[in-house]
Amino acid sequence: MPNDSHQRAAEFHQQAAHAHRAAAVHHGKEDHLTGHELSKQDFEMSLKAHAASQQAHQKSQDAAQKPGK
């Protein structure tokens with residue numbers, strides 16, 4: 001189901017954005033250790049979001065190329 005994979009990718013993007021905002025808040029409060037950990041987490045979430053987006057895109061392409069669709 002291409003829509004499911006797109007939804008999952010969107011959720012990863014939202015989680016990454018949340019982690020980015022949390023890291024920025026901690027950096028702004030000069031809590032750099034926590035900010036650094038959150039930055040690491042947001043980077044990992046961004047990688048997952050990117051991978052999920054690529055997978056969703058590939059599934060959409062595959063579905064569009066199937067005969068009879």
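These are my notebook entries on the structure shown above, which is a predicted model.

**Entry 1: overall form.** I began with the secondary structure and found 2 helices and 0 strands in the protein. I then looked up the radius of gyration, which is 16 Å for the protein, whereas a compact globule of 69 residues would come near 11 Å. Along the principal axes, the C-alpha atoms fill a box of roughly 60 × 15 × 10 Å. I also checked the contacts between residues at least 6 apart in sequence; of these, 59% join residues at least 24 apart.

**Entry 2: surface and charge.** I recorded an accessible surface of about 5,300 Å² for the protein. Carbon and sulfur atoms account for 55% of that surface. Buried residues make up 19% of the 69 residues. I counted 8 positive and 8 negative side chains, and the centres of these two sets lie 9 Å apart.

**Entry 3: the nonpolar core.** Which residues form the largest nonpolar core? I listed 6 of them: Ala9, Phe12, Ala16, Met45, Ala49 and Ala52. Helix 1 (2-28) and helix 2 (32-65) each supply at least two residues of this core. I followed Met45 further and, with its neighbours within four places in sequence left aside, found it in contact with Phe12, Gln15 and Ala16.

**Entry 4: serine 5.** I located serine 5 in helix 1. Is serine 5 buried or exposed? Its relative accessible area is 9%, so I entered serine 5 as buried, the cut-off being under 20%. Not counting residues up to four places away in sequence, serine 5 touches Ala52, Ala56 and Lys59. Ala52 had already appeared in my list for the largest nonpolar core.

**Entry 5: aspartate 42.** I placed aspartate 42 in helix 2. Why does aspartate 42 count as buried? I noted it as buried because its relative accessibility is 6%, and buried means under 20%. I then looked up its contacts, leaving aside neighbours within four places in sequence, and found Ala16, Ala19, His20 and Ala23. Ala16 is also in contact with Met45 and belongs to the largest nonpolar core. Finally, I compared the positions of aspartate 42 and aspartate 4, which are 38 residues apart in sequence. From C-alpha to C-alpha, aspartate 42 and aspartate 4 are 23 Å apart in space.

Conventions: Residues are numbered from 1 along each chain as its sequence is written. This is a predicted model: local features need pLDDT of at least 70, side-chain atom pairs count only at pLDDT 80 or more; totals for chains, interfaces and linings use all residues. Side-chain values use heavy atoms; hydrogens and water are left out. Helices (H or I, at least four residues) and strands (E, at least two) are DSSP runs, numbered from the N terminus. The radius of gyration is taken over C-alpha atoms; the globule rule is 2.2 Å times the number of residues to the power 0.38. Buried means under 20% relative accessible area, exposed over 50%, partly exposed in between (1.4 Å probe, protein chains only). Contact means heavy atoms within 4.5 Å. Accessible areas come from the Shrake-Rupley method with a 1.4 Å probe; for residues, only the protein chains shown count as cover. Lys and Arg count as positive and Asp and Glu as negative; His and the chain ends are not counted. The place of a charge is taken as NZ of Lys, CZ of Arg, CG of Asp or CD of Glu. A nonpolar core is a set of buried Ala, Val, Leu, Ile, Met, Phe, Trp, Tyr and Cys residues joined through side-chain atoms within 4.5 Å.
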